[in-house]
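Visitor: I should like to understand how the terms used for a protein structure are justified. Could we go through them one by one?

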Amino acid sequence: KAFLEFINGKGTPLTLKDYVTKYQGHSNKENFPAIFGKKLSKKEIVSFTNEKEEVYRRMYTQVEPLGGFLEILDKAKSMGLKIALATLAPKQNRDYIIDKLNLRGVFDVIVGDEGVSKGKPDLEIYLSTAKELGIDPKDCLVFEDSIPGVQSAKRAGMKVVALSTTHQPTDLTEADFIIPNFSEVDLTSF
């Protein structure tokens with residue numbers, strides 16, 4: 001919603017369907033030139049990113065974890081598993097959500113948009129995350145809610161659990177498993 005509000009406020013019409021099918025899961029540095037139909041300077045992309053993310057934080061004030069999310073993090077920690085966050089969300093938004101959910105120090109590794117040159121569905125973000133964790137990609141389990149994210153993780157050779165929070169399960173069939181929330185996850189079964 002924030003992305004649409006920002007883009008439409010710039011006089012460039014964008015529908016939710018177009019956002020979900022063309023831009024969701026991609027980085028701002030890839031999205032903005034494509035949406036505005038022109039090459040943008042790094043300064044313009046940073047400015048647009050900051051403005052869009054301010055809209056996001058203004059709109060998203062009731063931050064609550066998806067069902068079972070905090071419990072699965074606790075279970076993973078108790079099992080001695082390494083936990084990473086691999087997201088193309090800008091640092092300001094990552095920090096905003098991490099702080100709102102009191103997750104500071106939970107992740108062993110955080111890889112964000114500033115750490116990769118290509119967005120999803122390119123596999124760079126997932127390979128970089130696995131490398132930083134010191135884990136073979138085939139031994140990684142990814143939870144993903146976007147179609148490009150599922151494609152990215154699968155291309156990286158990882159097992160993928162898709163969350164059907166943004167898309168219909170029929171749109172996420174490339175994933176190994178599809179769940180509505182984290183409450184249905186038994187980490188010992190992977």
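The following conversation concerns a predicted model and takes up its strands, a pocket, and several individual residues.

Visitor: What makes strand β4 largely enclosed by the rest of the structure?

Guide: Buried means under 20% relative accessible area. Of the 5 residues of β4, which spans residues 159-163, 4 are buried, and the strand is therefore largely enclosed.

Visitor: How do you know that β4 pairs with β3 and with β5?

Guide: Two strands pair if at least two bridges are found between them. β3 (residues 141-144) and β4 are joined in the parallel sense over 4 bridges, and Glu 144 stands opposite Ala 162 of β4. The chain passes from β3 to β4 through helix α8 (residues 147-155), in a β-α-β crossover that is right-handed. With β5 (residues 177-179), β4 pairs over 3 bridges, again in the parallel sense. There, Leu 163 has Ile 179 in β5 as its bridge partner. Both bridge counts satisfy the requirement of at least two, so both pairs qualify.

Visitor: Why is Ser 146 called buried?

Guide: The limit for buried is under 20% relative accessible area. Ser 146 has 2% relative accessibility, so it counts as buried. Ser 146 belongs to the loop between β3 and α8. Beyond residues up to four places away in sequence, Ser 146 touches Gln 24, Gly 25 and His 167. By contrast, the C-alpha atoms of Ser 146 and Glu 44, which are 102 residues apart along the chain, are separated by 26 Å.

Visitor: Which residues line the second largest pocket, and which element gives the most to the lining?

Guide: The lining consists of Asn 28, Lys 29, Lys 42, Ile 45, Val 46, Thr 49, Asn 50, Pro 90, Lys 91, Gln 92, Asp 113 and Glu 114. Two or more of these residues come from each of α3 (28-36), α4 (42-59) and α6 (91-100). The most comes from α4, with 5 residues. The pocket holds about 320 Å³ of space.

Visitor: What is the chemical character of that lining, in nonpolar, polar and charged residues?

Guide: The lining of the second largest pocket divides into 3 nonpolar, 4 polar and 5 charged residues.

Visitor: Why is Thr 49 called buried?

Guide: Thr 49 has 10% relative accessibility and therefore counts as buried, since the limit is under 20%. Thr 49 lies in helix α4 and is one of the residues lining the second largest pocket. Apart from neighbours within four places in sequence, Thr 49 is in contact with Asn 28, Phe 32 and Pro 90.

Visitor: Which residues of α6 are buried, and against what do they pack?

Guide: Asn 93, Arg 94, Tyr 96 and Ile 98 are the buried residues in α6. They pack against α4, β1 (84-86) and β2 (109-111).

Visitor: Why is Val 63 called buried?

Guide: Val 63 has a relative accessible area of 13% and is therefore buried, given the limit of under 20%. Val 63 is found in the loop between α4 and α5 (69-78). Setting aside neighbours within four places in sequence, Val 63 is in contact with Tyr 96, Ile 97, Lys 100 and Leu 101. Val 63 and Ile 97 are 34 residues apart in sequence, while their C-alpha atoms are 7.2 Å apart.

Visitor: Why is Ile 135 called partly exposed?

Guide: Partly exposed is the class between under 20% and over 50%. The relative accessible area of Ile 135 is 23%, so Ile 135 is partly exposed. Ile 135 is placed in the loop between α7 and β3. Neighbours within four places aside, Ile 135 is in contact with Lys 82, Ala 130 and Cys 140. Ile 135 and Lys 82 are 53 residues apart in sequence and 8.9 Å apart from C-alpha to C-alpha.

Visitor: Why is Asn 102 called exposed, and what is its phi?

Guide: Exposed means over 50% relative accessible area. At 65% relative accessibility, Asn 102 therefore counts as exposed. Asn 102 is found in the loop between α6 and β2. Its phi is near 55°, a positive value in a residue other than glycine.

Visitor: Which peptide bond is cis, and where does its proline lie?

Guide: The peptide bond from Lys 120 to Pro 121 is cis, with omega near 15°. Pro 121 lies in the loop between β2 and α7 (124-133).

Definitions and conventions:
Residues are numbered from 1 along each chain as its sequence is written. This is a predicted model: local features need pLDDT of at least 70, side-chain atom pairs count only at pLDDT 80 or more; totals for chains, interfaces and linings use all residues. Side-chain values use heavy atoms; hydrogens and water are left out. On a 1 Å grid over the protein atoms alone, a cavity is a set of points where a 1.4 Å probe fits but cannot get out, and a pocket is an open set with protein on both sides within 12 Å along at least five of seven lines; lining residues have an atom within 4 Å of a point. Grid points are joined across faces, edges and corners, and a volume is the space filled by probe spheres set on the points. Ala, Val, Leu, Ile, Met, Phe, Trp, Tyr, Cys and Pro count as nonpolar, Asp, Glu, Lys and Arg as charged, and the others, Gly among them, as polar. Buried means under 20% relative accessible area, exposed over 50%, partly exposed in between (1.4 Å probe, protein chains only). Contact means heavy atoms within 4.5 Å. A crossover is right-handed if, with the strands pointing away from the viewer, the path from the first strand over the helix to the second runs clockwise.
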